[in-house]
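I opened the notebook today to go through this model chain by chain and to write down what I looked up.

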Amino acid sequence: MLIKQIKQFLAIPGASTNWLWDSVLFPFFVTRSIWELIAYYVRGNYLLAPYILHKIQVRGYFQTRIVPLDIFVRWDSNWYLSIIQNGYQAPANFNSLGSNMGFFPLYPYLVKSIGWFGVNLPNGFYIAVGLILSNLCFLASAALLYRLIVVSAGFDESVARRTLGLLFVFPASFFYSAFYPESLFFFLALGAFTFALQDKWFFTGICMALAVVTRPPGFVLVIVLGWLYMEKHRWKLREIRASALWFALAPIALLLHFYELYRISGHPFAFFEVMTAWFPSQDSVFQRTFQYLQNPMLNVYKIDFVLVILFVSCSLYICWKWSVKAYGAFAIIMCVLSLSTGSLLVSISREYVVIFPVFILLGEKLKRRELYLSLMAVWFALQVIYFAGWVNGYWIA
Amino acid sequence: MISKQSKLFFEIPQTPRNWFWSVILFPFLVTRAIWILVAYFAYNNYLPNPSYLRYVKQGYFLTHIFPLDIFTRWDSKWYLSIIKTGYQAFANLKTTYSNLAFFPLYPYLVKSVGWLGIQLPDGLYIFLGLLLSNLFFLASAALLYRLMISSLGFEEDTAHRALTLLIVFPVSFFFSAFYPESLFLFLTLLGFTFALEGKWAWTGVCAALVIVTKPTGIIPVFALAWLYLEKKQWKLQNIRSSILWFLLAPIVLLLHFYDLYLVSGHPLAFLDAMTAWGGIQPSTYWNPFQNLNGAGLDVFKIDLVLTILFLIASFYLLWKWPIKAYGVFALLMILLPLSEGLLVSISRYLLVSFPIFMLIGDKLKRGKWYDFTVAVFFALQIIYFAGWVNYYWIA
C-alpha cells in the first residue's frame with residue numbers, strides 16, 4: 001500500500017522518469033560531498049573563530065568526535081541539544097539570560113523520541129539521528145516542491161528543475177542538513193500547502209499544528225492557509241464547512257507548548273520573555289541595522305540586505321501576479337516577520353531559505369541560461385564561503 | 001588588415017557566432033566578479049594567516065586598491081621587485097631569498113608597458129600587470145578553443161567543456177594574478193598553433209619568449225621541437241633549415257643568464273637562487289612524501305590527487321593521441337615540477353597543462369560526472385581564493 005502510494009507520488013505526469021535522481025538526489029549528494037571536502041580543508045588550514053577555537057583546540061571537536069557530523073553542529077544546535085539532554089530549563093533571570101525556552105520543541109523532541117531507549121545516550125547518537133532527520137526532511141521537501149510546481153502550480157518541468165537548482169545552491173542551504181529544524185519546518189510548510197491545494201484540510205491542520213511548534217514563524221502558515229481556505233471558498237461565510245475547524249489544531253498545539261513552558265518556568269509568556277532576552281534593546285533595532293550597513297566591511301548583513309530586497313520584491317510580484325494569493329501572502333509575511341522579530345538583518349539568509357514561492361518565481365523567470373547560471377554561480381560561491389565560515393565557528397545566520 | 005585577421009580568427013566554422021562571449025568572456029566575467037565578492041567577504045570576516053599579520057595591519061599587500069591588491073600575493077612581490085629595482089644579488093645566493101629565481105619576461109613586459117621614464121607608483125604597475133595577465137588569459141582561451149576545433153577537429157561542445165574546466169580549475173585565479181601563468185599559457189598555445197600550421201619562425205619566437213617566462217619554459221620548447229620532428233616523421237632528411245628557429249630559445253635563455261651573471265657574478269645564479277627557495281632538494285628523493293605527513297586535508301593532498309589524475313591523463317595522451325607532443329608536454333609539466341620539490345605549487349604548474357583539459361573535456365561528456373567535476377573544481381577554487389586573499393599558502 002505504502003509502496004503504491006510512493007510510486008504514485010513519484011510518477012508525475014509530464015515529468016521525466018528519473019526526475020528524483022536528476023533534480024533531487026544527485027545535487028543533494030554533490031553539494032553534501034563538497035561541503036564535507038570544504039569542511040575538512042578549512043578546519044585544518046584556516047584559522048578558527050574565537051567562538052569555537054577553545055573547544056576545538058582542547059578536545060578536537062565541537063559536539064561529537066565524528067567530524068563529518070560535527071561540522072553540521074554549530075551555534076543554535078547547542079540549544080536544541082540541550083533540550084534533548086535536559087529538557088526545557090527556566091533561566092534565573094528572564095531579562096538577561098539566553099535560555100533554550102526560545103527554541104521550539106518539535107525537532108528536538110522528534111530527535112529524542114527516535115533516539116530514546118530509556119538510557120542517556122551520547123551526543124553523537126542524538127546528532128546522528130538529528131542530521132538523518134534533517135536530511136530526510138529536506139529530501140522529502142525537495143520532492144514535494146518539485147511535485148507542487150509541476151502538478152499543483154502547473155509549471156513546466158524546467159521551472160521545477162531550475163527552482164530546485166537554486167534551492168540547492170542558496171547561500172544558507174546547508175542549514176537544511178544541519179542540526180537545525182529548518183528542513184522539518186520546510187517539509188511541514190510544503191506538506192501543508194500540498195494538502196491545502198488538494199482540499200485535504202485534516203492533514204493541512206496536522207501539518208500546521210506541527211509547524212507552529214517547530215519554529216516561531218510556524219503560525220504564518222495558519223494565516224496564509226486560512227487565506228487559501230477562504231480563497232477556495234470564495235470568501236463567503238456560508239460556504240465554510242466544518243473542515244475549517246482543523247485550523248484550530250495549530251493554536252491548540254502552540255498553547256500546549258506554552259503551557260509546558262509555564263509549568264517549568266511559572267511564566268505564561270516564557271517564550272516571549274526569553275526572546276526579549278535574546279534580542280535586548282528592541283528600540284535600537286533600526287539603529288543597530290544602520291550600524292551593520294554603515295560598517296565599511298562586506299559582511300553577512302550587507303549580503304542579507306541584498307537578499308531582503310530581492311525576496312521582498314519577488315514576494316510583492318507574487319502577491320500581485322499569481323492567481324493563488326496564498327503563495328504571495330506566505331512569502332511577504334515570512335519576509336517581513338523575519339525582519340521584525342529580534343533584530344533586523346540577523347539570520348535573514350536562514351529565515352529566507354524556506355520561502356519557497358520566491359524560489360519558484362526565480363526558477364520561472366530565469367529562463368535565460370546565462371542569467372540562471374550567473375545566479376547559481378554567485379549563490380554557490382557564497383554557500384561555499386559561508387559553509388567554510390560556519391565550520392570554523394564564524395557567525396553566518 | 002588587423003580587423004580582417006581578427007575577423008578570420010573569430011569565424012570558426014560550425015561554432016555559434018557569439019562563441020567568444022558565451023564560452024569565454026561571460027564565464028570570465030562571472031568568475032572574476034565572484035572572486036572579488038569572495039575576497040571582500042573573506043578578507044573582512046575570516047582571520048588571516050597569522051604569519052602575515054604585518055600585511056593585514058598595513059591593510060594591503062602591494063597596492064591600496066583592494067580589487068587589484070587581492071590578485072597580488074606571495075611571488076607577486078618578487079616580480080614587482082624586478083620591475084622596481086631590477087635583479088638584485090645577495091652575498092649568499094644559496095641561502096638568501098632573491099628575485100634571481102624569477103624569470104624576466106612578465107615583469108619586463110609590465111615595466112615596458114608602464115615605462116614613461118619616471119618612477120611610477122606600485123599601483124600602476126600592478127594594474128598594468130593584471131591587465132596583461134587577464135588579456136593573455138582571454139587570448140589563451142580563444143586560442144585553445146580555436147586550436148581544439150580548427151586544428152584538432154574536436155566538436156564545439158568538447159572545446160566548450162575544456163574551457164569551462166580550465167576556468168573553474170581550483171587555481172585558475174592565477175591567470176588573473178600578478179603572476180606570469182597566463183603569459184606562459186598564451187605563448188605555449190601560440191607556439192603550438194604556429195607549429196601545427198608549420199610557421200616555424202613564429203614558433204621559434206614563441207619558444208624563445210616562453211623560455212624566459214618561467215623556469216618550466218623549457219618544456220614547451222622541448223615539446224614544440226618534438227612536434228617539429230613528428231611533423232618531419234623523425235627522418236633526418238626531412239629536416240629543413242626551419243629547425244634553426246629553435247635556436248632562438250637557448251640564445252634568449254643564455255642572454256638572460258648572462259644578465260644574471262652581470263648582476264651577481266655567478267653564471268648559474270638562477271640555480272643557486274632556486275636552492276634558496278627550496279627547489280631541487282636531495283631530501284625530496286629520500287622522502288618524497290614529506291609534505292603528506294600532515295594530519296588534516298591540505299593543499300598537498302589535493303595536489304597529490306590532481307597529480308595522479310594529470311599523470312594518468314598524460315600517459316593516455318601519449319598512448320592514444322596521434323600527435324605525441326601534447327602528451328610529452330603534459331607529462332613533462334608534471335615531472336619537472338615534481339622533481340623540484342614534491343607537490344609544492346603543483347596545482348599551479350598543472351594549470352597550464354592545456355592538453356589535459358582538452359582530454360578531460362573530450363572524455364567527460366555533458367552529464368552528471370561533468371557537472372560534478374565542475375562543481376568540485378569551482379568549490380575548491382572559491383575556498384582556495386578565500387585562503388589566497390587571507391595570505392594562506394595555496395600554490
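The entries below cover the interface, the nonpolar core, one serine and two backbone angles.

**Entry 1, interface.** I noted at the outset that this is a predicted model, and I began with the place where the chains meet. I found 25 residues of chain A in contact with 26 residues of chain B. When I looked up which elements of chain A form its side of that interface, helix 2 (19–45) and helix 19 (369–391) each turned out to supply at least two residues, and the largest share, 10 residues, comes from helix 19 of chain A. Sorting that side by class, I listed 19 nonpolar, 5 polar and 1 charged residues.

**Entry 2, a residue at the interface.** I then took Ile385(A) and asked which residues it touches, leaving out those up to four places away in sequence. The list reads Val38(B), Phe41(B), Ala42(B), Ile382(B) and Ala386(B).

**Entry 3, core.** Next I turned to the largest nonpolar core, which has 262 residues. Ile385(A) appears again here, among the residues with the most contacts inside the core, together with Ile38(A), Ala192(A), Val38(B), Tyr145(B) and Ile383(B). I also recorded that helix 7 (residues 123–152) of chain A gives the most to this core, with 15 residues.

**Entry 4, Ser349(A).** I located Ser349(A) in helix 17 (residues 348–352) of chain A and wanted to know whether to write it down as buried or exposed. I entered Ser349(A) as buried, because 24 other C-beta atoms lie within 10 Å and the cut-off for that class is 20 or more. Beyond its neighbours within four places in sequence, Ser349(A) is in contact with Pro171(A), Ala172(A), Asp304(A), Leu307(A) and Ala397(A). I also looked up Phe175(A), which is 174 residues from Ser349(A) in sequence, while their C-alpha atoms are 9.8 Å apart in space.

**Entry 5, positive phi.** Last, I went through the backbone angles, bearing in mind that most residues other than glycine have a negative phi. Gln14(B), although not a glycine, has a positive phi of about 60°; I placed Gln14(B) in the loop between helix 1 (2–10) and helix 2 (19–45) of chain B, and it counts as exposed because it has 8 C-beta neighbours inside 10 Å, where the limit is 12 or fewer. Tyr391(B), also a residue other than glycine, has a positive phi near 70° and lies in the segment after helix 19 (368–389) of chain B. With 19 C-beta neighbours inside 10 Å, Tyr391(B) went into my notes as partly exposed.

Technical notes: Residues are numbered from 1 along each chain as its sequence is written. Chains are lettered from A and ligands numbered from 1 in the order in which they are written. This is a predicted model: local features need pLDDT of at least 70, side-chain atom pairs count only at pLDDT 80 or more; totals for chains, interfaces and linings use all residues. Two residues are in contact if their C-beta atoms, placed from the backbone, lie within 7 Å. Ala, Val, Leu, Ile, Met, Phe, Trp, Tyr, Cys and Pro count as nonpolar, Asp, Glu, Lys and Arg as charged, and the others, Gly among them, as polar. A nonpolar core is a set of buried Ala, Val, Leu, Ile, Met, Phe, Trp, Tyr and Cys residues joined through C-beta atoms within 7 Å.
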